[in-house]
Every structure is written in C-alpha cells, then in structure tokens.
Amino acid sequence: MRIHYFQRYHQKENVATANTMLLLSRLYTHSSDKFFELLRDKFFMNSFELGLSFKLQEKGPASIPDAVITQESFKIVVETKITDWFYSSQLEKHLTSFGNENFKLLLTLASEEMEKTKLDDFNKRLDEYNIKNKMHITHVNTTFESLANYIDELIDDYDYDYEMKAILEDYREYCYNDNLIPKSDSWKFLRMQLAGTTFDFNKSNNLYYDNVDRGFRPHDYLGLYTQKSLRLIGKIVAQIRAVEV
C-alpha cells in the first residue's frame with residue numbers, strides 16, 4: 001500500500017495550508033541549505049543571506065569579543081486561498097503581524113495568481129503602509145504549482161533522498177486531487193515506467209497497467225523502459241480503473 005504524507009478529505013483551505021507547511025518543514029529537515037536557498041532565491045530575491053555569520057573580534061559598544069555568531073532575523077506571514085479569493089482589507093490587517101524582524105515577507109498562495117488589478121491595488125497599499133510605518137515588508141504572490149516546481153528544481157537527479165522526492169510527488173498528487181494545480185498542462189508530460197517482463201504484452205496489446213495507489217501527476221504520454229533504454233512511447237487515449245471482486 002502506498003504511503004500518503006499529506007492529509008486529504010477535510011476542510012480544503014485549512015488542509016492546503018497545513019500540507020504546504022508540512023512540505024516546507026520536510027524540505028528543511030531534508031536539507032536546511034536547500035530550504036534557505038528556496039527562501040533566498042524565490043521569496044526574498046537574493047536580498048540577504050539566511051545562514052549563520054561568523055565574525056572574529058568584532059568591536060562591540062564596550063568590548064571586543066573573540067568571536068561573534070549571528071543570524072539575520074526574518075518573518076514570513078502566509079495567507080492561503082483555494083483560488084483568487086484574496087481581499088486587500090484582510091491582507092492589510094496581516095501587515096500588523098510583523099515586528100522588528102530584519103526581513104519581512106507576506107506570502108499569498110493559491111491555485112492561481114492574483115488578478116493584476118487586485119495585485120496592483122494591494123501592492124500600492126503596501127507601499128503606503130511601509131512609508132507610513134517605516135517598514136520594509138515585501139509581498140510575493142505565487143501558486144501551489146510554482147512552489148512545487150521551485151522545490152523540484154532544488155531536488156535534482158543527483159539527489160538520492162528518495163523519501164523527499166516521494167513527499168513532493170505526494171504533495172503534487174494531493175494538489176491535483178483538490179484542483180489546486182490545474183490539469184490542463186498534462187500534454188507537456190511523459191511518464192517513463194519500467195516494463196521488464198511485461199514489455200511484450202504491453203507492446204502487443206497497447207496496454208499498460210499499474211496499481212491504482214501509485215498516483216501520478218497528469219500526463220498524456222507514456223514511455224516504457226527496458227534493457228537499459230526507453231523502447232516505446234505512446235499517447236494515452238483512455239484510463240480505466242479496475243476493481244477486484
């Protein structure tokens with residue numbers, strides 16, 4: 001039986017938030033370097049280094065210690081919606097959640113990007129808030145799909161933590177099942193599967209079968225791999241779920 005890392009079949013918005021935070025926490029457990037790289041490159045736009053800073057004999061107000069280890073403070077406030085149901089009035093209230101952190105980010109996350117007029121309106125209000133309160137809050141609007149793709153970029157083919165890859169695939173499957181990632185781009189993807197002893201049967205019958213619990217991202221093409229190479233590529237014309245009785 002396939003293990004699912006992310007809960008399903010509950011109140012959608014709360015589960016979407018909890019599952020996304022779980023994905024990020026698992027990435028941090030897997031590799032703190034990759035987690036901070038994600039924050040730096042995709043959210044804080046290379047504006048700072050999140051790692052520890054080691055300094056020797058840094059002069060203080062009244063003394064010069066031998067060494068100082070510091071880390072910049074940051075805070076990310078997340079607002080999650082199933083679709084573009086964001087309201088500027090609600091987001092403005094979230095701005096009061098920030099304090100004296102060095103770097104502040106409001107992250108809005110949904111299945112689709114925020115409509116441009118709405119985004120421009122909120123960003124204008126954010127600029128006014130920053131000026132009035134002498135703040136430097138940044139706003140990033142992104143999607144569940146983009147977040148998954150960002151993490152996929154960090155976990156390349158030379159990363160042998162198969163559990164992290166399985167976690168990411170399960171997160172994607174959850175998002176597909178709950179329509180948090182659109183299925184309209186399935187034409188872009190080919191799924192490669194190991195055929196082995198079933199290859200001749202698959203070829204002669206134009207049929208491939210697998211356990212329904214596997215769960216793949218939507219894809220229009222299937223490739224069968226055997227004898228150390230990809231031998232067959234076909235377009236999927238039908239999918240049938242069989243129930244054993």
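This talk covers how helices H5 and H6 pack, and then the salt bridges, in a predicted model.

Start with the pair of helices. H5 runs over residues 144-154 and H6 over residues 162-177. The angle between them is about 165°, and their axes are 11 Å apart. Angles over 145 degrees count as roughly antiparallel, and H5 and H6 are therefore roughly antiparallel to each other. The crossing of H5 past H6 is left-handed.

Now the residues in that contact. On the H5 side they are Phe 144, Leu 147, Ala 148, Asn 149, Ile 151 and Asp 152. On the H6 side they are Met 164, Leu 168, Tyr 171, Arg 172 and Cys 175. By class, the residues of this contact come out as eight nonpolar, one polar and two charged.

What about burial in H5? The buried residues there are Phe 144, Ser 146, Leu 147, Ala 148, Ile 151 and Leu 154. H6 is one of the elements that the buried residues of H5 pack against. The others are helices H1 (12-30) and H2 (32-43), and strands S3 (74-80), S4 (103-110) and S5 (137-143).

On to salt bridges. How many does a search of the whole structure find? The search gives nine. I will go through three of them.

One belongs to the helix pair I just described. The side chains of Arg 172 and Asp 152 meet at 3.2 Å, N to O. Arg 172 is in helix H6 and Asp 152 is in helix H5, so this salt bridge ties together parts that are 20 residues apart in sequence. Are these two partners buried or exposed? Arg 172 has 2% relative accessibility and counts as buried. Asp 152, at 31% relative accessibility, counts as partly exposed.

Another salt bridge is in helix H4, residues 116-133, between Asp 121 and Arg 125. Their closest N and O atoms are 3.3 Å apart. The two residues are four apart in H4, which means about one helical turn separates them. Asp 121 is partly exposed, with a relative accessible area of 32%, and Arg 125 is partly exposed as well, with 30%. Glu 92 comes in here too: salt bridges with shared partners join Glu 92, Asp 121 and Arg 125 into one network.

The last salt bridge on my list is between the side chains of Glu 79 and Lys 81, at 3.3 Å, N to O. Both Glu 79 and Lys 81 are buried.

To close, back to the helices: Arg 172 and Asp 152 are both in the list of residues where H5 meets H6, and their side chains form a salt bridge.

Methods: Residues are numbered from 1 along each chain as its sequence is written. This is a predicted model: local features need pLDDT of at least 70, side-chain atom pairs count only at pLDDT 80 or more; totals for chains, interfaces and linings use all residues. Side-chain values use heavy atoms; hydrogens and water are left out. Axes are lines fitted to C-alpha atoms, for helices over the stretch in contact, and angles run from 0 to 180 degrees between N-to-C directions. Angles under 35 degrees count as roughly parallel, over 145 as roughly antiparallel, 65 to 115 as roughly perpendicular and the rest as oblique. A crossing is left-handed if the near helix is turned anticlockwise from the far one by less than a right angle, and right-handed if clockwise. Contact means heavy atoms within 4.5 Å. Ala, Val, Leu, Ile, Met, Phe, Trp, Tyr, Cys and Pro count as nonpolar, Asp, Glu, Lys and Arg as charged, and the others, Gly among them, as polar. Buried means under 20% relative accessible area, exposed over 50%, partly exposed in between (1.4 Å probe, protein chains only). A salt bridge is a side-chain nitrogen of Lys or Arg within 4 Å of a carboxyl oxygen of Asp or Glu.
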